[in-house]
Amino acid sequence: MSSSLISLASGYVPFPAPATVAQQLPGLLAQPGAYASPVAGLPELRAALVQRFPAVSPEQVVITPGAKAALFSLFCTTLQPGDEVLLLTPSWFGFDELVRLAGGTLRTLALSAEDGYALDPAALAATLTPRTRVVLFSNPNNPTGRIYSAPELATLLAVLAARPDVLVVSDEIYERVSFGQPVPSLLGFPDPAQRHVVIHGFSKSLALVGWGIGYLVAPLAIAQACAQWQGKTAAAPAVPSQLAALVATQAADTIGAELLRLLTPRREQLQQGLTRLGLPYVPTAGTYYVFADFRAYLRPGLALTEASGVLVEQLRAGGVEVVDGATCHAPGYARLSFAASEAELTEALARIGTVLEQIRQS
């Protein structure tokens with residue numbers, strides 16, 4: 001292993017695109033009319049994506065150039081000035097800017113590692129305001145790796161039953177990266193108020209890194225508004241990417257199983273290594289991240305967010321790049337990806353240990 005920087009900050013797996021995509025895509029591209037797509041996406045892809053959910057129609061699906069584009073179109077078409085997005089944190093660092101750019105106001109509800117990032121119904125109810133328009137969370141959660149069970153989601157929805165004006169938005173892009181515990185989709189719950197929205201994509205659970213393809217599933221009126229917005233600001237994603245997504249969707253079980261086969265030993269390697277270093281974490285149930293607690297190593301006398309940034313720089317100077325938990329609304333923590341080679345993980349853990357020893361001695 002060279003002395004170059006090892007990144008455990010990446011949000012992508014380092015594996016090639018699924019073999020079945022490479023094998024089937026040329027034949028699909030050779031078909032007549034292969035490059036024509038409606039602005040909401042190819043009908044066959046939209047139909048394939050909702051086969052698991054009989055109550056959901058293909059017309060409720062909008063294919064987008066990535067999950068971020070899906071989120072942005074949703075926010076731009078549903079948020080008015082002064083509308084609030086209530087974000088359950090720790091959270092993916094990209095949500096904040098998307099809300100701001102769309103003209104929304106961000107509010108946060110902090111969940112705690114001390115109780116395993118449990119959802120507190122009373123805290124959720126107390127955080128809602130008359131201006132709340134969206135409640136946003138990810139399942140599995142990026143960065144904590146927490147999976148919220150069907151009973152937990154049912155509790156959340158029960159709290160929100162008194163607020164049918166509030167959209168419930170679940171980012172489920174890591175859905176198939178689950179180490180034993182099932183990941184319930186928001187699409188599996190009754191939606192009498194027509195306000196459930198799921199954001200999804202192919203770069204995480206199905207390893208289509210770099211293909212620029214995502215989607216949203218929403219009540220029909222919202223889906224139509226998002227499709228219209230996409231038609232006015234861009235276009236449907238490139239058809240080759242959509243066809244690759246179709247192949248991946250049809251082979252999702254096989255692709256997901258292979259991804260888990262590759263990731264499972266690396267998950268154990270990183271978690272066991274962090275345990276040896278004495279760094280607390282909530283065991284990862286989904287995603288390919290561990291959200292580790294470095295608060296014992298923060299520099300005294302600094303504000304928490306500043307101290308968190310200093311620690312991340314110390315780790316980087318020691319040869320390991322991680323995601324600063326402060327960007328996820330959890331300063332003092334760091335997101336480490338185990339979607340890396342076993343050799344990289346071994347060396348990264350050794351380097352982290354060296355940095356922590358230097359901090360202890362300073």
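Reader: In which loop is the place of Pro-140?

Author: In this predicted model, a cis peptide bond joins Asn-139 and Pro-140, with omega about -5°. Most peptide bonds are trans. The place of Pro-140 is in the loop between β5 (132–138) and α6 (150–160).

Reader: What is the omega of the peptide bond from Thr-89 to Pro-90?

Author: Pro-90 lies in the loop between β3 (84–89) and α4 (95–101). The peptide bond that leads from Thr-89 into Pro-90 is cis, with omega near 5°.

Reader: Is Tyr-117 buried or exposed, and what is its relative accessible area?

Author: Tyr-117 is found in the loop between β4 (105–110) and α5 (121–127). Its phi is positive, about 60°, although Tyr-117 is not a glycine. Most residues other than glycine have a negative phi. Buried means under 20% relative accessible area, and Tyr-117 is buried because its value is 3%.

Reader: What is the relative accessible area of Gln-194?

Author: Gln-194 is placed in the loop between β6 (167–171) and β7 (196–201). Gln-194 is a residue other than glycine with a positive phi, near 55°. Partly exposed covers the range between under 20% and over 50%, and Gln-194 is partly exposed, with a relative accessible area of 45%.

Reader: Which residue in β8 is the bridge partner of Ile-63?

Author: Val-61 and Ile-63 point one way from strand β2 (residues 61–64), Val-62 and Thr-64 point the other way, and all are buried. Strand β2 pairs with strand β8 (residues 214–217) in the antiparallel sense over 4 bridges. Within β8, the bridge partner of Ile-63 is Tyr-215.

Reader: Why is strand β12 described as largely enclosed by the rest of the structure?

Author: On one side of β12, Tyr-333, Arg-335 and Ser-337 are buried, and on the other side Ala-334 and Leu-336 are buried, so that both faces are covered. Strand β12 (residues 333–337) is therefore largely enclosed by the rest of the structure, its buried count being 5 of the 5 residues.

Reader: Which residue of β12 stands opposite Ala-292?

Author: Strand β9 (residues 289–293) and β12 run antiparallel and are joined by 5 bridges. Strand β11 (residues 323–324) also runs antiparallel to β12, through 2 bridges. The bridge partner of Asp-324 in β12 is Ala-334. The residue of β12 that stands opposite Ala-292 is likewise Ala-334.

Reader: How far apart are the end C-alpha atoms of helix α11?

Author: Helix α11 (residues 342–361) has 20 residues, and at 1.5 Å a residue these should span 28 Å. The computed separation of its end C-alpha atoms agrees with that expectation, at 29 Å.

Reader: What covers the buried residues of α11?

Author: The buried residues of α11 include Leu-345, Leu-349, Ile-352 and Leu-356. An α-helix has 3.6 residues a turn, so residues three or four places apart point the same way. The cover over the buried residues of α11 includes β1 (6–7), α9 (252–276), α10 (304–317), β10 (320–321) and β12.

Reader: What is the radius of gyration of the protein?

Author: The secondary structure comes to 11 helices and 12 strands, and 56% of the 362 residues count as buried. Among contacts between residues at least 6 apart in sequence, 74% join residues at least 24 apart. A compact globule with 362 residues would have a radius of gyration near 21 Å, and the protein agrees, with 21 Å.

Key
Residues are numbered from 1 along each chain as its sequence is written. This is a predicted model: local features need pLDDT of at least 70, side-chain atom pairs count only at pLDDT 80 or more; totals for chains, interfaces and linings use all residues. Side-chain values use heavy atoms; hydrogens and water are left out. Buried means under 20% relative accessible area, exposed over 50%, partly exposed in between (1.4 Å probe, protein chains only). Two strands pair if DSSP finds at least two bridges between them. The expected span of a helix is 1.5 Å times one less than its number of residues. Contact means heavy atoms within 4.5 Å. The radius of gyration is taken over C-alpha atoms; the globule rule is 2.2 Å times the number of residues to the power 0.38.
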